[in-house]
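Trainee: I am new to this one. Can we go through it step by step?

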Amino acid sequence: MSSVLKIEKLWVAIDDKQILKGVDLEVRQGEIHALMGPNGSGKSTLAYALMGHPKYEVTEGTISIDGVSLNELEPDARARMGLFLAFQYPVTIPGVKVADFLRHAVSNIRNPERKEGEGLLPMRDFRKELRSRMDELGIEQEFARRYLNDGFSGGEKKRMEILQLAMLRPRFAILDETDSGLDSDAVRFVSEAISRLSGPDMAIIIITHHERLLEINKPQQTHVMLAGRIVEHGDARLAHELHDQGYAGIRARHPDVAAEEEAQAVKNETHAVVKT
Amino acid sequence: MTPAPSTGFDAKAFERFVATRGEPGWVVDLRRRSFDLYRQKLQEPLTPEEWKRVDLRPLQPNRFSPAADISTAAQFETLLENRASFAGVVSHVDGHCSAQKLDDRLAARGVLLGSLTELVREHREILEPHLLTRAVRPDADRFTAWHAAFWTGGTVLYVPRGVAIDEPLYSLIGLAKAGGADLSHTLVILEDGASATLLEETSSAATDTAGLHVGAVELLVGPGANLRYVQLQNWNSHTWHLARQAGVVERDGTLQWTLAGLGSRLSHIHQEVTLAGQGASAEVNGVTFATGRQLLSYYTQQTHKAPNTRSDLLYKDVLRDEARVVWRGMIRVDAEAQKTDGYQRNDSLLLSPDCRVDAIPGLEIEADDVRCTHGATAGRVDAEQIFYCMCRGLSRYEAMHMIVEGFFHGVYDRIAVEAVRETLSRAVERKLGIGR
Ligand SMILES: Nc1ncnc2c1ncn2[C@@H]1O[C@H](COP(=O)(O)OP(=O)(O)OP(=O)(O)O)[C@@H](O)[C@H]1O
Ligand SMILES: [Mg+2]
């Protein structure tokens, strides 16, 4: 039976500032969802909150997989349950080689009971697998020996996120603007890789401002965020329409939320002025 | 006033000590001169610049004394010993030489590897010009005087002109007896064009016995010679480690020196490299991991005395719990040392809110055509890095450990000997508590 990731009435605050204001979303294994919305509407916040970032405080609501609440779980426990986030801004870990990092990650995800210091995936099997995933993504083999994201270009970092996705094969993957910063060949590589990876065992939530990823990975559902809420649901056509026409239509259809967005923007600006 | 009882290092103890050793006159003379200096230096204050952050008040020298005989039964858990094959080995326990061996072919070519205690008897002509004269001088401070008066033994390596030793050599400095004092002296002499690698480690037989090390290391790298020296300090957490360690590199010689500080209750190392001849170069690597209530302190000095010399120092410190690390670095460039290239840097990573690091680089430059850079950084483990690792299934500790290992990699990458890189990485893992 396929698993379900359920987000119910989720409110999230950062430093006591309410960012998400009651998000509902249901994603079933095997589905592709597009999550769109203007800058600052809360897409990344939702992604971080799903992974359990300590700064993103869930003030109300629940996140669950097949009825098991994730709210109290540490990020590593969530990852071991099959949740994955490809970061909008991947983090650099100096001195840690891509291959070593991934070997630990893969060992933990495939053996969720594994404790630190216990056996890792056999080196030979791991190397072989890593090599073929890298080839499929058009990533030079030397990257395996480089330090994670250290000195990587923007596009290389994004490809590294997809390499991790390919190695970890989660049940629910959130891709936060994985297509931004990629050149057009890379977008194609990555789109094709995602489409190969997706299937009945993986759900994908694609956060994007572009259409390329969605052309090959056609979403069954599209959700639109505005000021911390999901204000509209649709299918692939909605994503297409937003891409063509922008968010003016959405704001017009949801004047209350748009007003809130406006008020928040003004507040942020005042903050900025006060700070300087 | 009643006369003070005879303690570990007073005049009576000194006479008794000298009487047991049966050493040649030149050695006894050196000891006597040094003992007088020691008495004199005890009356003088320590240099505040070097010592003000190192609290020596809890150290009571009279609680320690050199052992009269050897504990043959002592077992040491060593880090390096089984990691590589060695062309020669010397071990000292409680100041006494407990084992030594050297590849016959090297011995036939005139290489000496053994204990200072024995070699001063048979090889005066080789040792006297170097022992406590050029690199470490008895009159440097009270600890060097103390050491020079009471040295108990130590590893000597002498490599004659043009002899290259490919396989590394190994030296163990062990403490077994409770209250034991080790005043071992490591002396390495490489003649013109010689080359060698010496890996040395310190170790305590038990985890709960108090110990004292007042040591000295002298590395004399002749013209065009090439020395790699590693000292891995891994005492138990009840041991005091006070040492003066100095290398002198002659014309076109190279020294690669790695110091690792893992153990001890308190450690202070005065580490000095002198670039004495044109084209000499030295690379100094420091790996320090302080936990619990340890204080690990370093005073490092890179002295350029000749033109076209190069020195490059990189220390990396990780601190946890309430540990403290002090690093005071100095590059000195004499007026004649034009075209000097000097570099020094200390990076610290703090894992807990209560640990503390003081890292102070410094330059004293008298020449005008030089390139010298220095820097020190201290940072905490970045919460975003931990989160990122955890999102990939690593536990919080595993993430922290990855980041620590990664931090040290910057210095491991500079260490040419693979066995050393591996050993350090394993030792750090063990100290972090991985795989227990
Ligand atoms: N760490 C933070 N501290 C304070 N405010 C934050 C923080 N992270 C996000 N915010 C605020 O939360 C709101 C939502 O940001 P979020 O990054 O989720 O937007 P987004 O929809 O992903 O935007 P974009 O399309 O630009 O990536 C913004 O107003 C942002 O300024
Ligand atoms: Mg975002």
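Trainee: How many residues does each chain bring to the contact between chain B and chain A?

Mentor: This is a predicted model. Chain A brings 37 residues and chain B brings 23. They count because they have heavy atoms within 4.5 Å of the partner.

Trainee: What area is buried between chain B and chain A?

Mentor: About 2400 Å². Carbon and sulfur atoms give 62% of that area. On the side of chain B, B:Phe387, B:Tyr388 and B:Arg392 lose the most area to chain A. Together they make up 33% of what that side buries.

Trainee: Why is the pair A:Glu74 and B:Arg396 called a salt bridge?

Mentor: The cut-off is 4 Å from a side-chain nitrogen of Lys or Arg to a carboxyl oxygen of Asp or Glu. Here the N to O distance is 2.9 Å, so the pair qualifies. The count between the two chains is three salt bridges.

Trainee: Which helices of chain B each supply at least two residues to the side that touches chain A?

Mentor: Helix H8 (383–391) and helix H9 (396–412). The largest share, nine residues, comes from H9(B). By class, that side of chain B has eleven nonpolar, seven polar and five charged residues.

Trainee: What makes A:Ser44 and A:Gln88 donors to the magnesium ion (ligand 2)?

Mentor: A donor atom must lie within 2.8 Å of this metal. A:Ser44 (OG) and A:Gln88 (OE1) sit at 2.0 to 2.2 Å, so both pass. The two residues are 44 residues apart in the chain. A:Ser44 is in helix H1 (residues 43–51), while A:Gln88 is in the loop between strand E6 (83–86) and helix H3 (98–110).

Trainee: Are these two residues buried or exposed?

Mentor: Both A:Ser44 and A:Gln88 are buried. That means each has under 20% relative accessible area.

Note on methods
Residues numbered from 1 in each chain as written. Chains lettered and ligands numbered in written order. Predicted model: local features only at pLDDT ≥ 70, side-chain atom pairs only at ≥ 80, totals over all residues. Heavy atoms only, no water. Donors = N, O, S within 2.8 Å, 3.2 Å for Na, K, Ca; no water. Helix = DSSP H or I, 4+ residues; strand = E, 2+ residues; numbered from the N terminus. Buried < 20%, exposed > 50% of the residue type's maximum accessible area, 1.4 Å probe, protein only. Buried area = accessible area lost by both parts, 1.4 Å probe. Nonpolar A, V, L, I, M, F, W, Y, C, P; charged D, E, K, R; others polar.
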